[in-house]
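Visitor: I have a model open and want to learn how to read its helix packing. Where do we begin?

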Amino acid sequence: MKSLNLALRFFLEIVTWIAPGLWAWHFFDGASAYLFALLLPLLMISLWGIFNVPNDPSRGGKAPIVVPGKIRLLLELTEFSLGLWAWQAAGYPNFAWLILALLVLHHILLKDRLIWIWKA
């Protein structure tokens, strides 16, 4: 079950990172659309991968830049929220609601991680 939930988490991360690029593609024109559609997801992926709590089992245990658990949770909340907003703003509100439901389910299933990271 844990492997399935980690696969769900990976899916949620991917759709979260795609959303700002899709939004930029719809919002901007010309070269700006290409630039922001590429840079916004890359920025989010970079922040996600760089700022970690050491020994987080859902992150492989590596932490290039060590942050407290509460900061990591804030980063995750910010990125997931931005992704949900971007899906909505890009014209996919039903998909945003589906992703929100899956995020809630995921966090309920991994509540032990939330408790651990809050204390880290």
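Guide: With the axes. Axes are lines fitted to C-alpha atoms, and angles run from 0 to 180 degrees between N-to-C directions. Keep in mind that this is a predicted model. Two packed helices are described by the angle between their axes and the distance between the axes.

Visitor: At what angle do α3 and α5 pack?

Guide: Helix α3 covers residues 69-89 and helix α5 covers residues 111-119. They pack at about 125°, and their axes lie 6 Å apart. Angles over 145 degrees count as roughly antiparallel, 65 to 115 as roughly perpendicular, and the rest above 35 as oblique. So α3 is oblique to α5.

Visitor: Which residues of α3 and α5 meet?

Guide: From α3 come G69, K70, R72, L73 and E76. From α5 come R113, L114, I117 and W118. By class, this contact of α3 with α5 has four nonpolar, one polar and four charged residues.

Visitor: Take E76. Is E76 buried or exposed?

Guide: The cut-off for buried is under 20% relative accessible area. E76, in helix α3, has 2% relative accessibility, so it counts as buried.

Visitor: What does the side chain of E76 make a polar contact with?

Guide: With the side chain of R9, at 3.0 Å. Now widen the view to contacts in general. Setting aside neighbours within four places in sequence, E76 is in contact with R9, W48 and R113.

Visitor: And K70, from the same list of meeting residues? What is its relative accessible area?

Guide: K70 also lies in helix α3. Its relative accessible area is 44%, so K70 is partly exposed. Beyond neighbours within four places in sequence, K70 is in contact with I117 and W118. Distance along the chain can be set beside distance in space. K70 and N94 are 24 residues apart along the chain, and their C-alpha atoms are separated by 30 Å.

Visitor: Next pair. How do α3 and α4 pack?

Guide: Helix α4 spans residues 93-109. Its axis is 7 Å from that of α3, at an angle of about 160°. The two helices are therefore roughly antiparallel to each other. The crossing of α3 and α4 is right-handed.

Visitor: Which residues of α3 and α4 meet?

Guide: α3 brings F80, L84, W87 and Q88. α4 brings P93, F95, A96, I99, L100, L103 and H107. The classes in this contact of α3 with α4 are nine nonpolar, two polar and no charged residues.

Visitor: Now to the N-terminal part. How do α1 and α2 cross?

Guide: Helix α1 is residues 2-27, and helix α2 is residues 30-50. Their axes come within 7 Å and cross at roughly 150°. That angle is over the 145-degree cut-off, so α1 and α2 are roughly antiparallel to each other. Their crossing is right-handed.

Visitor: Which residues make up the contact of α1 with α2?

Guide: On α1, the meeting residues are R9, E13, T16, W17, P20, G21, W23, A24 and W25. On α2, they are A33, Y34, F36, A37, L40, P41, M44, I45 and W48. The contact of α1 with α2 divides into 14 nonpolar, two polar and two charged residues.

Visitor: Zoom in on W25. What is W25 in contact with?

Guide: W25 is in helix α1. Apart from neighbours within four places in sequence, W25 is in contact with A33, Y34 and A37. W25 and F36 are eleven residues apart along the chain, with 7.4 Å between their C-alpha atoms. At 42% relative accessibility, W25 counts as partly exposed.

Visitor: One more in α1. Is N5 buried or exposed?

Guide: N5 has 5% relative accessibility, so it counts as buried. Its side chain makes a polar contact with the side chain of H106, at 3.0 Å. Leaving out neighbours within four places in sequence, N5 is in contact with H106, L109 and L110.

Visitor: Let us finish with a strand residue. Where is I65 found?

Guide: In strand β2, residues 65-66. At 37% relative accessibility, I65 counts as partly exposed. Outside its neighbours within four places in sequence, I65 is in contact with I50, F51 and N52. I65 and W118 are 53 residues apart in sequence and 17 Å apart in space, C-alpha to C-alpha.

How values were computed: Residues numbered from 1 in each chain as written. Predicted model: local features only at pLDDT ≥ 70, side-chain atom pairs only at ≥ 80, totals over all residues. Heavy atoms only, no water. Helix = DSSP H or I, 4+ residues; strand = E, 2+ residues; numbered from the N terminus. Contact = heavy atoms within 4.5 Å. Nonpolar A, V, L, I, M, F, W, Y, C, P; charged D, E, K, R; others polar. Buried < 20%, exposed > 50% of the residue type's maximum accessible area, 1.4 Å probe, protein only. Polar contact = N/O pair within 3.5 Å; in protein donor to acceptor, adjacent residues only side chain to side chain. Left-handed = near helix turned anticlockwise from the far one by under 90°.
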